[in-house]
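Welcome! Here is a short briefing to help you find your way around a structure you have not met before. Take a look at it first, and then read on.

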Amino acid sequence: MTGVTSKAEREADLVMGTNNSSIVSKRSVEMFYYPKPHFFRYFVKKPQRRSPLINRGYWLRMHAMAETVRKFMREPSNKPKFVLNLGCGFDPLPYMLLSADNSLCRNTTFVDIDYEKLMINKKMAIQKTDEITQLLEDVEFLPDDSAVQIRSKQYLAVGCDLKNLTKLDNVLKAEVLPTECSVLFLAEVSLTYMDVESANAVVSWASKLSNGEDGQFCILEQFFPDGPDHPFASTMMRHFKKLGAPLYSIHEYPSLNEQEQRFKNAGWNHAHARSLWDLWSDDDFVNCSLRASLDSVEPFDEWEEFALFASHYFLLHASTRSRVPSTAAETLPEPDTQMDRSAHFKLLARCPPGSGQRRFGAIIPDSYKTVGYHSGLGRQTRLSSTELYTKSEGTAEAHYELPPGDIPARMCHTVTGLSNEDCLLVGGRASPASGFKDCWLRQGNQWRQTKSLRIPRFRHSAVKVRLDTEYVLVYGGKTSDGTTLNTWLAWSSRKEDWHEVETNEVNLKARFGACLGSIDGTSGVVFGGIGAEGKILEDLFTWKLHQRTDGTLFLELTDQTENLRKASPLFNYIHRFGATLSQTAWGLVIVGGIISREIITYDKEIMLLDSTELIRCATSGWSSDHTILSTLGLGKRLEGPRPLLVGHVSCATDPREVLIFGGGAVCFSFGTYWTEGTWLLQDVNSTIENGWTLVNLQLEKPTSKTSARSQNKTYEAAEVITPIPRVRVQNPAQFQEILAEGRPVIIEESDIGPCTELWTKEYLTKAVGGDRKIVVHEAQSEHMSFQTKNFSYRTKAFGTFMDEVFTGDRQYLRSISAEQPTKLSTNLAVDFPDLGNDFRLPESLSVVTDNAHSSPLRISGPVTLWLHYDVMANVLCQIRGGKRLILFPPCDVQYLHVPPGASSSTINIFQSDGSVASIPHTSPQEAVLQPGDILFIPPLWLHTASPTGDVSVAVNVFFRSLSKGYAAGRDVYGNRDLQAYEKARSDIQKMAKSFEGLPLDISRFYLLRLAQELKEKADK
């Protein structure tokens, strides 16, 4: 019946939908990683810059397919060659190769094959594109009902469902392939969307197409390197199921061996599969200079997540040729059963709801029953706060002071415990291009800043050592310009100063994210980490720190790599990046991280390095009789969810206990997996339960002088506050004038839909869904501060939130994307479809609608929002309740205590007595909004808001008012600073660095001169 879509057609549309997402990501890669000419641009109407993780993952996919084709074309042959791309989508690989490698393509014809509907659309796009048609010699565009849609000398496009192999076989034999030819089939994540029987029919048919003599097949798909229950695998599968395009073959052939056997059973004489992570580490596939060059395109530090993605995708090459060169991987000796000690240990999980979502933070030593978890990456942003974990019920606060809130939020930093519960916090980063060099010391239960590093450093390793006094030994890491470091530094607790440590070893390569452990306080081990070439380093060194008579330090390094390689079959599994080390009575416990070429499987997630045996072998000689390495896995029996051990922390809370918590990962484009809760590793016979849990701290006190001054200072009440004018806007031209003026106005008597009448508590609860989970701010005081994070992010049911906020709780909802909160901006109509028709902007604000970035729903109890600015313009539409805002023009920013690189102030403008703080040299303006009012807030106008009634409900729409200049990459909240500012801040760091080594008064002289020049330019 016409007009009715069949089930098969609907399934085909869903599969074609995955092509749309894929080419947008590939277009992002092309824009930033590929030289022109660009071809994805003609198939992607609205390009988007994907995150560095997505870009690198798709770059590797694209490189894998292109390199396979290039290798096929380089092979000597007197036969014509054909590349048949099965399920090609809009991928322009043929045009890219014809443009960049024309001479290599001279004996090759490319044939794209996909659904008829898709290929007709592809044909229409190509017809309009001169850059492509000029590449295609003697090109013909054939009628829509023709099987061959496009024909040219070296390129053909065929429309055919791959399930219709009879038609496809006839078309290829009659219109495309000569009797004698070499054929390479490509299938990049296409066959897996077909039912297994149909996909296998394609694989079998392909083996016979070129008389079964000269065929090759390259398939790139997902697989389960550690089973479907691995956190990444389960997140990936939920994603595709939710899209309505589930993966099929992966269940039938979950491993590389099973995929290889699948092809051999289908008539292919040879099949060899490797994970993309394995290929990444292969210098013949991705050479060193190419790997290193990627970092110059955009800063990258998502290594664990990249490895997880690449470990779940494989590239298989099959051939029908009778003789093929052996590519069998080196067979490693099987570990002795004595090396498996999992039966001697157990891992106890405790994962109650609301167990914390934080990764890449650092442990703060506290007491035998409490530990802190400082900073790191939270659900929405980097955090400056510290969580407290305890094993004692009733504990409500830390024993010692936790880091103050004015230490800037960071991740990938270290905190090293010292005597008397002192500790040293070192470095870390904001973005990968914005490292920190500041260091903070807790001494005598007070935090203060101590001597900074010479250059910023993150992903470094640190350990305590003791000679004449206590030292913190720091090794490796990365700095803001992407340089991988190879220096050893020592911080002296006596002098509170840093000194570079001389070493004897020149073969130790620069690295970051390495494992550095102490054995006896003056000696230890260092291994793993990622080198400057982007590969995990497979070595192990022992070290011993000496002190010369003149007081200088010398580090003696010994390369034990080959000794340990010969002594233990488990050698390849300890070279980790991002793992944690804990010194225990059993030895050094190695937890999580990633390894080279493959994923860390369940049975090797936790390993034990017997440091006593290691030192004995290093001093008395090596033999295979010593068990230096053993596997603990996840213990004898894991009761509870499997943790994703990346970005986590661990510490020995007792000589025979290791506490693990935190961590998780962005699972590529499939969603985020959080490791919530605690895990306690102990002897299998231990009777102690895991009592470690997260404490809900009631107050985070800013303890430093700076923080206390900025947050708690009482100002005089402002006497003059200019009211923001009220206007009526009848048409778009009037609003364009307001936009050009660049000053805030309140637009009144505009129609924003029935929401002002409908959105009662009951209506909203029903429309959103009382059980729907949302993330809200729970405030600890009436003034929320983004700088000190005196609030918590809580996940709760929407109905619970509404009940609580309407009874006066200090809570605040700023909606985020329901599907991908870390990747997509929120859209009211998409995230709350039952509210979408209730709210609309008037036609006079069409420029806002046409350039909209996001439209968050805001519901607020009796709390004030911190003073901040937004880079994008926005209109704030008050729907229920009232709201009072204080705004400051952009020129006032210099007086409002906004830290460099931040967008929020440390000042509470609304004071506890209800007055507005009088800030010298500023010009505050006031807006009091009632339901139906629309406040236009121009870019960079600082503003703070407070409800004037019980509960405020509003929607604000951010929109792009500039034609260019916004920051490249993802900007979920619309508040990333302009690209010019981000670049200039980086340049300032370089300017300051250029004066290093000069006397302090001289460098200060010139820096002040430069600052004056900048001020003069700002004042023009």
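Does Y1006 count as buried, partly exposed or exposed? With a relative accessibility of 39%, Y1006 counts as partly exposed, because buried means under 20% and exposed means over 50%. Please keep in mind that this is a predicted model. The points below begin with the whole chain and then return to Y1006.

**The chain as a whole**

- The protein chain contains 24 helices and 53 strands.
- Its radius of gyration is 31 Å, close to the 31 Å that the globule rule gives for 1020 residues, so the chain is as compact as a globular protein of that length.
- The C-alpha trace of the protein chain spans about 90 × 85 × 60 Å along its principal axes.
- Of the 1020 residues in the chain, 56% count as buried.
- About 43500 Å² of the protein chain is exposed, and carbon and sulfur atoms supply 49% of that area.
- If you take the contacts between residues at least 6 apart in sequence, 70% of them join residues at least 24 apart.

**Aromatic pairs**

- The structure holds 34 aromatic pairs.
- One of them is the stacked pair of F43 and F90, with 5.7 Å centre to centre and 10° between the planes.
- F43 sits in the loop between α1 (7-33) and α2 (52-74), while F90 sits in the loop between β1 (81-86) and α3 (93-100), so this pair ties together parts that are 47 residues apart in sequence.
- Both F43 and F90 are buried.
- F995 and Y1006 also pair up: their ring centres are 6.1 Å apart and their planes lie at 15°, so this pair is stacked.
- F995 belongs to the loop between α23 and α24, and Y1006 to helix α24, with their positions 11 residues apart in sequence.
- F995 counts as buried because its relative accessibility is 16%, under the 20% cut-off.
- Elsewhere, ring pairs link a cluster made up of Y58, Y193, F232, F240, F309, Y313, F668 and F670.

**A nonpolar patch on the surface**

- Y1006 appears again here: together with L998, I1002 and F1005, it makes a nonpolar surface patch of about 360 Å².
- L998 is found in the loop between α23 (979-994) and α24 (1000-1019).
- L998 is partly exposed, as its relative accessible area is 42%.

Definitions and conventions. Residues numbered from 1 in each chain as written. Predicted model: local features only at pLDDT ≥ 70, side-chain atom pairs only at ≥ 80, totals over all residues. Heavy atoms only, no water. Patch = residues over 30% accessible without salt bridge, like charges linked within 9 Å, V, L, I, M, F, W, Y side chains within 5 Å. Areas by Shrake-Rupley, 256 points an atom, 1.4 Å probe, with all protein chains shown as cover. Salt bridge = Lys/Arg side-chain N within 4 Å of Asp/Glu carboxyl O. Helix = DSSP H or I, 4+ residues; strand = E, 2+ residues; numbered from the N terminus. Buried < 20%, exposed > 50% of the residue type's maximum accessible area, 1.4 Å probe, protein only. Rg over C-alpha atoms; globule rule 2.2 N^0.38 Å. Contact = heavy atoms within 4.5 Å. Phe/Tyr/Trp six-rings, centres within 6.5 Å; stacked < 30°, edge-to-face > 60°.
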